[in-house]
Amino acid sequence: MMNSYTCFLAFFFILLVSVSCNNIIQEACNKAVKSDSQPKVTFNFCVGSLQKHPKGETARSYDDLAPITLHIMKSAAKHRINGYLKAKDYFSAKTGASGLVTSSVTCEDVFNEGKKTVSPIAKENNDFCRLAIMLLTFIPDAKSE
């Protein structure tokens, strides 16, 4: 009788943990859907993206979800630019790389807006920007036809 009760409690605990993990993804995605961003984030896209990631199932907080999302973004950008390069679509590859430059500059500009302090990740942003400029330099120019 005691073993049945212990098994039931263990099963209930595992079920409770898995539901709470899923709730953080739903909670975070509801928040993302309500943002004024363009393009709009849809609930299904957000949940689907996070649940596909191997660590999505074990996420318990926003602190867990941020690096997961960053990893997804990094993989998507790498895949997209590599795809353009393999297809010799240099115009699109340069457009993607220039977006990386813009994002790092915009990050610093937004942080420093109206402040006299330096961003705590200014060096990393500058390094990222330099790497993106290197990438732009290394992609061949698109041939005009």
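**Exercises: salt bridges and the largest pocket**

In this predicted model, D127 is partly exposed, at 28% relative accessibility.

**Exercise 1.** Find which residues are linked with D127 in a network of salt bridges.

*Solution.*
1. The side chains of K123 and D127 meet in a salt bridge, at 2.6 Å from N to O.
2. R130 also bridges to D127, with the closest N and O atoms 3.1 Å apart.
3. Both distances can be checked against the cut-off, which is within 4 Å.
4. The network therefore links K123, D127 and R130.
5. K123 and D127 are 4 residues apart in helix α5, so about one helical turn separates them. R130 and D127, in helix α5 too, are 3 residues apart, about one turn of the helix.
6. K123 is exposed, with a relative accessible area of 58%.

**Exercise 2.** Work out which parts of the chain the salt bridge between D141 and K94 ties together.

*Solution.*
1. The D141 and K94 side chains meet at 3.3 Å, N to O.
2. D141 lies in the segment after α5 and K94 in helix α4, so the bridge ties together parts 47 residues apart in sequence.
3. D141 is exposed at 55% relative accessible area, while K94 is partly exposed at 22%.

**Exercise 3.** Describe the largest pocket and its lining.

*Solution.*
1. The largest pocket holds about 1500 Å³ of space.
2. It is lined by 42 residues, and T69, L70, I72, M73 and K74 are the closest to its centre.
3. Helices α1, α2, α3, α4 and α5 each give two or more residues to the lining; the largest share, 16 residues, comes from α3.
4. By class, the lining has 24 nonpolar, 12 polar and 6 charged residues.

Notes:
Residues numbered from 1 in each chain as written. Predicted model: local features only at pLDDT ≥ 70, side-chain atom pairs only at ≥ 80, totals over all residues. Heavy atoms only, no water. 1 Å grid on protein atoms, 1.4 Å probe; cavity = no way out; pocket = protein on both sides within 12 Å on 5 of 7 lines; lining within 4 Å. Points joined across faces, edges and corners; volume = space filled by probe spheres on them. Nonpolar A, V, L, I, M, F, W, Y, C, P; charged D, E, K, R; others polar. Buried < 20%, exposed > 50% of the residue type's maximum accessible area, 1.4 Å probe, protein only.
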